[in-house]
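Before any single feature is taken up, please look over the sequence and the model together. The paragraphs that follow move from one region to the next.

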Amino acid sequence: MCLVLMSKHANLVSTQNTREINKGTHRSLGHILSRETERFKIEYFVDKRFEEDYQGIALQKMENNVEKDYIDHLQNSCWKEKQQKTDLQNLATLYRDERLKQKAESLKTENCEKLSKLIELQRGG
């Protein structure tokens, strides 16, 4: 049984024993039914047999894994975004380059924003 988690930036593929990150943003072949995790409303895609195979505790565990994988992905992506922003700020300072400074200031940290929203949800906010 395979499961696909879909975000704007990555698909996370999960099987019963292994997980692997898939870089595309499309549904995997056979994983066409959209679902959302109950707690955080994270969208993921499953095959037609999913509901037969995952119910009760098994479904909760699967959704916990989907959420954990998604949060791990956001944490890693956020770190990369922050690092890229810091690197640009450092270069701007080193070369006294106003254009680089403005570019660094305007860089968006979308994954960090998503992570912050999820943290707020975890805290009940």
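How much space lies in the second largest pocket? In this predicted model, the second largest pocket holds about 150 Å³ of space. Its lining is made up of Glu38, Arg39, Gly56, Leu59, Gln60, Glu63, Asn64 and Glu67, and by class these residues divide into one nonpolar, three polar and four charged. A probe the size of a water molecule, rolled over the atoms, shows where empty space is left.

Helix H2, which spans residues 56-95, is the next element to follow. With 40 residues, H2 reaches 58 Å from its first C-alpha to its last, and this is close to the 58 Å expected at 1.5 Å a residue. In an α-helix there are 3.6 residues a turn, so residues three or four places apart point the same way. Just after H2 comes Arg96, whose phi takes a positive value of about 50°; Arg96 is a residue other than glycine, and it lies in the loop between H2 and helix H3 (98-106). Most residues other than glycine have a negative phi.

A second positive phi belongs to the strand region. Strand S4 (residues 33-36) and strand S5 (residues 43-46) pair in the antiparallel sense, over four bridges, and within this pairing Arg35 has Tyr44 in S5 as its bridge partner. The two strands, S4 and S5, form a hairpin with six residues between them. Lys41 lies in the loop that joins S4 and S5, and its phi is near 60°, again a positive value in a residue other than glycine. As for the strands themselves, in a regular strand the side chains alternate between the two faces of the sheet.

How far each part of this picture can be relied on is a matter of the predictor's confidence. For the chain, the mean pLDDT is 83, and 78% of the residues reach 70 or more. Confidence in the chain is highest in H2, at a mean of 98, and lowest in strand S3 (residues 19-22), where the mean is 32. Over residues 1-26 the pLDDT is below 50, although this stretch has 80 contacts in the model beyond near neighbours in sequence.

Notes:
Residues are numbered from 1 along each chain as its sequence is written. Side-chain values use heavy atoms; hydrogens and water are left out. The expected span of a helix is 1.5 Å times one less than its number of residues. pLDDT is the predictor's confidence in each residue, from 0 to 100. Contact means heavy atoms within 4.5 Å. On a 1 Å grid over the protein atoms alone, a cavity is a set of points where a 1.4 Å probe fits but cannot get out, and a pocket is an open set with protein on both sides within 12 Å along at least five of seven lines; lining residues have an atom within 4 Å of a point. Grid points are joined across faces, edges and corners, and a volume is the space filled by probe spheres set on the points. Ala, Val, Leu, Ile, Met, Phe, Trp, Tyr, Cys and Pro count as nonpolar, Asp, Glu, Lys and Arg as charged, and the others, Gly among them, as polar. Two strands pair if DSSP finds at least two bridges between them.
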